[in-house]
Amino acid sequence: MKVPMLDLSEQYSYLKSEVLEALDSVMSSSQFILGNNVKKLEADIAKYSHVSHGIGCGNGSDAIHIALQAAGIGAGDEVITTPFTFFATGGAIVRAGATPVYADIDPVSFNLDPNEIEKHITDKTKAIIPVHLYGQMADMVSIRKIADKHNLVVIEDAAQAIGSKQGEFSVGELGDAATYSFFPTKNLGAYGDAGMVVTNNDDIAEKSRVIRVHGSKPKYYHHVLGYNSRLDEMQAAILNVKFPHLDKWGEQRRKHADFYTSLLNERVSEYVQPPVKVKGFYHVFHQYTILTDRRDELQAYLNENGVSTMIYYPLPLHLQPVFENLGYKKGDFPKTEKAANEALSLPMFPELKEEQQKYVVEKIAEFFAKK
């Protein structure tokens, strides 16, 4: 059996007529930049996030950069974040002119550990970027308290976590802003690059809108240095078709996660640690990520048997060559490094079939039986 990491074909087949109709409407209108589809998506995603503003932009990486710049973060500032994330998080901090300062993770949730933050705060610290990794929010209640105590801005990197919650709080409610990616593989994915900043802060919202269009307001009058990062009208039209299905798809992911966990606990609990749904948090399972100390061998075996997997992320940010100037070394963040050596993400998408999941776990059990 072949089990892909992600298969979008069934989803497209189901939505095909609506998607093509939406795209035809855009083409017929000849309104391709910041039109009605973008406005509708911005309003809907803002409402979904329980905030006042949505600012569509070119991609999730730009969204982080725009939010930082709009919040006044720049040269000479330090931003505390997790080293266990995609490069875009650290990259956006540097692109904004600031310096990333890393703090270790909570090994249960894989997210930035609030207990690790304060030891890294200096008089140069201006912001915190928690990353809601794999679809589960970081402990934003605790992070907000730390930020308020030290007068810090909080930008939530929610690229993987649209729809996730901590108690009654949605992404964006406790941060000064939050950022989404609509990359095709995300829980709400476009058919190309797309992203968004969401915020309750009127000033951050207004500055974000200006920054995404070369820093101009009015047109051709530039008071800040921005860049071209607008959410494409055609991508917005596609996302408007898909958005009403997001919660249903999230529940399907959660159902698949529970099924995986029950199978793994039954078959290989001695060798594999399934992901944990932290009490009080609503996990939307962008990824279903296990831990095992034989990760690389297991991945090779699964690949040989038709099961696609991914490693998110094999080299933490503090060890990336491009950040060598920051002075970090191996061993600085042991919990992050352990996760980077042991984390393996299994196939996860709403249309995943139970027989596919059974096959995946059967092959995992088969691997460890050969030990």
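In this predicted model, Ile-66, Gln-69 and Ala-70 of helix α3 come up against Ile-204, Lys-207, Ser-208 and Ile-211 of helix α6. Sorted by character, the residues of this contact come out as four nonpolar, two polar and one charged. Two packed helices are described by the angle between their axes and by the distance between those axes. Here, α3 (residues 60-70) and α6 (residues 202-211) pack at about 125°, and their axes sit 9 Å apart. An angle over 145 degrees would count as roughly antiparallel, and 65 to 115 as roughly perpendicular; α3 and α6 are therefore oblique to each other. The crossing of α3 past α6 is right-handed.

Helix α3 also has a sheet to deal with. Its path lies across β1, β2, β4, β5 (153-157), β8 (177-181) and β9 (195-199), and α3 runs at about 165° to β8. Another helix, α4 (residues 87-95), packs on the sheet as well, where it touches β2, β3, β4 and β5. The direction of α4 makes about 140° with that of β3.

So much for the helices on the sheet; next comes the sheet itself. Strands of a sheet pair through backbone hydrogen bonds, in either a parallel or an antiparallel way. In this model, seven strands make up an open sheet with mixed pairing, and reading across gives the order β1-β9-β8-β5-β4-β2-β3. The edges are taken by β1 (53-57) and β3 (99-102); each has a single partner strand, so one side of each is left without a neighbour in the sheet. On average, and ignoring direction, neighbouring strands are turned by 25° against each other. One of the pairings joins β2 (residues 78-81) to β4 (residues 125-129), which run in the parallel sense over four bridges. Within that pairing, Val-79 has Ala-127 of β4 as its bridge partner.

Elsewhere in the chain, helices α9 (residues 295-304) and α11 (residues 354-369) form another packed pair. Their angle is about 125°, with 10 Å between the axes, and α9 and α11 are therefore oblique to each other. This crossing is right-handed. On the α9 side, the contact is made by Glu-297, Leu-298, Tyr-301 and Leu-302. Helix α11 brings Val-360, Lys-363, Ile-364, Glu-366, Phe-367 and Phe-368 to the contact. Seven of the residues where α9 meets α11 are nonpolar and three are charged, with no polar ones.

Definitions and conventions:
Residues numbered from 1 in each chain as written. Predicted model: local features only at pLDDT ≥ 70, side-chain atom pairs only at ≥ 80, totals over all residues. Heavy atoms only, no water. Axes fitted to C-alpha atoms, helices over the stretch in contact; angles between N-to-C directions. Helix = DSSP H or I, 4+ residues; strand = E, 2+ residues; numbered from the N terminus. Parallel < 35°, antiparallel > 145°, perpendicular 65-115°, else oblique. Left-handed = near helix turned anticlockwise from the far one by under 90°. Contact = heavy atoms within 4.5 Å. Nonpolar A, V, L, I, M, F, W, Y, C, P; charged D, E, K, R; others polar. Pairing = 2+ DSSP bridges.
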